[in-house]
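I opened this model to work through it one feature at a time. My entries follow in the order I looked things up.

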Protein chains: 2
Amino acid sequence: MRWSEIDAIPCPVAQAMAVIGDAWTTLILRDAIRGATKFDEFQASTRASRAILSDRLSHLVEHGVFERVQYEAHPPRYEYRLTARGDALRPVLTVMADWAETHLPHKVHNWGRRHKDCGHRFRPVVSCSECGEPIKRGSITYDTPPVLKRERA
Amino acid sequence: MRWSEIDAIPCPVAQAMAVIGDAWTTLILRDAIRGATKFDEFQASTRASRAILSDRLSHLVEHGVFERVQYEAHPPRYEYRLTARGDALRPVLTVMADWAETHLPHKVHNWGRRHKDCGHRFRPVVSCSECGEPIKRGSITYDTPPVLKRERA
DNA sequence: CCAGTAAGTTCATATACTGAACTCAGTCAT
DNA sequence: ATGACTGAGTTCAGTATATGAACTTACTGG
């Protein structure tokens, strides 16, 4: 099966990957979160080829992660802004960055992430929306559990 | 620049992508978390081609996300087990799945994730490790902020 | 008219991916 | 001794995707 066909799988991780799982996409999102909006900004910061960048941005617009907005009429100029849906990916990138900072410390520059509200340097902890407790390993259950699917005979 | 060259960027997101950003890798991790260990289990559940699966598993072993363990001597048989480093990716997949469940509800089957400790269905919330409060949008600062880098002249 | 800008698009070439078949190191039944 | 089987990959012809450089488009300003 082709990677481009995974959008046919109704699993959340697969559906997320169908939107943001292509090469370069996560770096585009990283830069959008940092404030990039212009095509050449994304090209300069990601170093992706122009054709691929164009393709990825179109895909993200089609999936409602970016909106392509005209910011100048003469000449017509466009920029790419994160939508609410796109913005909601911040936690994904925060947790992913934390994983790299923790497990690949010799390979990453630590920017010194700090929580404004309490003023401390911090790590993102994934907690329960209901009781507020950090989610421990093994404390997640599923009402209708995803099982490993065998290919049908 | 080539996608395979992003491991030269000392940014956490880029380094994470260098380890887990290739096509199919996130689905492999999803299935490992669900209990898959055998090559054919991964092949059946991800539907990736055998050559690509082999390549991805090797890459993950090289980067310390899996360990390749002999589970039978005669004949020699191997399985792939998540390491602590690999297991630490659970929050990434949990948050990513939550994003898809929230923003692509018509495309995903919701397995009904529940927190064992409090018994509720829940959403993963990213909180501060120091004060325990959920991280609000805009409440993260960086001591040495990542800036959008221009390509050097 | 020309140089410049920003946002893509095109194309020759290179690389990666796919599906099916194959190989390897065994085991087991006949 | 042989053939069928298992699990874990490897190989290969064909196909798809990606890359870098150049190009195109729609302007503006001198």
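**Helix α2 of chain A**

I listed the buried residues of α2(A): A:T25, A:T26, A:L27, A:I28, A:L29, A:R30, A:D31 and A:A32. I keep in mind that this is a predicted model. Eight of the nine residues of α2(A) are buried, so the helix is largely enclosed by the rest of the structure. I then looked at what follows the helix. After α2(A) comes A:G35, with a positive phi near 115°.

**Helix α3 of chain A**

I turned to α3(A), residues 39-46. Six of its eight residues are buried, so this helix too is largely enclosed by the rest of the structure. Which residues of α3(A) are buried? I noted A:E41, A:F42, A:Q43, A:A44, A:S45 and A:T46. Next I checked what covers them. The cover includes α2 (25-33), α4, β1 (66-72) and β2 (77-82) of chain A. A:R47 follows α3(A), and its phi is positive, near 75°.

**DNA strand D**

I moved on to the DNA. How many residues surround DNA strand D? I found 23, and the closest are A:R56, B:M1, B:R68, B:Y78 and B:Y80. Of the atoms of strand D that come within 4 Å of the protein, 72% belong to sugar and phosphate.

I looked up individual phosphate contacts. A:R56 places a polar side-chain atom 2.7 Å from a phosphate oxygen of DNA strand D. B:R68 also has a polar side-chain atom 2.7 Å from a phosphate oxygen of this strand. For A:W24, an N or O atom of the side chain is 3.4 Å from a phosphate oxygen of DNA strand D. Then I asked which elements give two or more residues to the surface near strand D. From chain A I noted α4 (50-62). From chain B I noted α3 (39-46), α4 (50-62), β1 (66-72) and β2 (77-82). By class, this surface has 11 nonpolar, three polar and nine charged residues.

**DNA strand C**

I repeated the search for the other strand. DNA strand C is surrounded by 23 residues, the closest being A:M1, A:R50, A:R68, A:Y78 and B:R56. Sugar and phosphate make up 75% of the strand C atoms that come within 4 Å of the protein.

Again I looked at phosphate contacts. A:Y80 has a polar side-chain atom 2.9 Å from a phosphate oxygen of DNA strand C. An N or O atom in the side chain of A:Y71 is 3.3 Å from a phosphate oxygen of strand C. For B:W24, the distance from a side-chain N or O atom to a phosphate oxygen of this strand is 3.4 Å. The elements that give two or more residues here are α3, α4, β1 and β2 of chain A, together with α4 of chain B. I sorted the residues near DNA strand C by class and got 11 nonpolar, three polar and nine charged.

**Domains of chain A**

I checked the division of chain A. Domain 1 covers 3-88 and domain 2 covers 89-153. Their centres, taken over C-alpha atoms, are 23 Å apart. The contact between them takes 11 residues from domain 1 and six residues from domain 2.

**A:E101 and A:L104**

I picked two residues to follow by hand. A:E101 lies in helix α6 (residues 90-103) of chain A. Is A:E101 buried or exposed? Its relative accessibility is 12%, so A:E101 counts as buried, with the cut-off at under 20%. Leaving out residues up to four places away in sequence, A:E101 touches A:V108, A:N110, A:R113 and B:P12.

A:L104 sits in the loop between α6 and β3 (113-115) of chain A. At 3% relative accessibility, A:L104 also counts as buried. Setting aside neighbours within four places in sequence, I listed A:W99, B:Q15, B:A16, B:V19 and B:R85 as the contacts of A:L104.

**Strand β4**

My last entry is on β4(A), residues 124-128. Four of its five residues are buried, so β4(A) is largely enclosed by the rest of the structure. I looked for its partner. β4(A) pairs with β4 (residues 124-128) of chain B in the antiparallel sense, over five bridges. Which residue of β4(B) is the bridge partner of A:P124? I found B:C128.

Terms used:
Residues numbered from 1 in each chain as written. Chains lettered and ligands numbered in written order. Predicted model: local features only at pLDDT ≥ 70, side-chain atom pairs only at ≥ 80, totals over all residues. Heavy atoms only, no water. Near = heavy atom within 4 Å. Polar contact = N/O pair within 3.5 Å; in protein donor to acceptor, adjacent residues only side chain to side chain. Nonpolar A, V, L, I, M, F, W, Y, C, P; charged D, E, K, R; others polar. Buried < 20%, exposed > 50% of the residue type's maximum accessible area, 1.4 Å probe, protein only. Pairing = 2+ DSSP bridges. Contact = heavy atoms within 4.5 Å. Domains from an automatic or database assignment.
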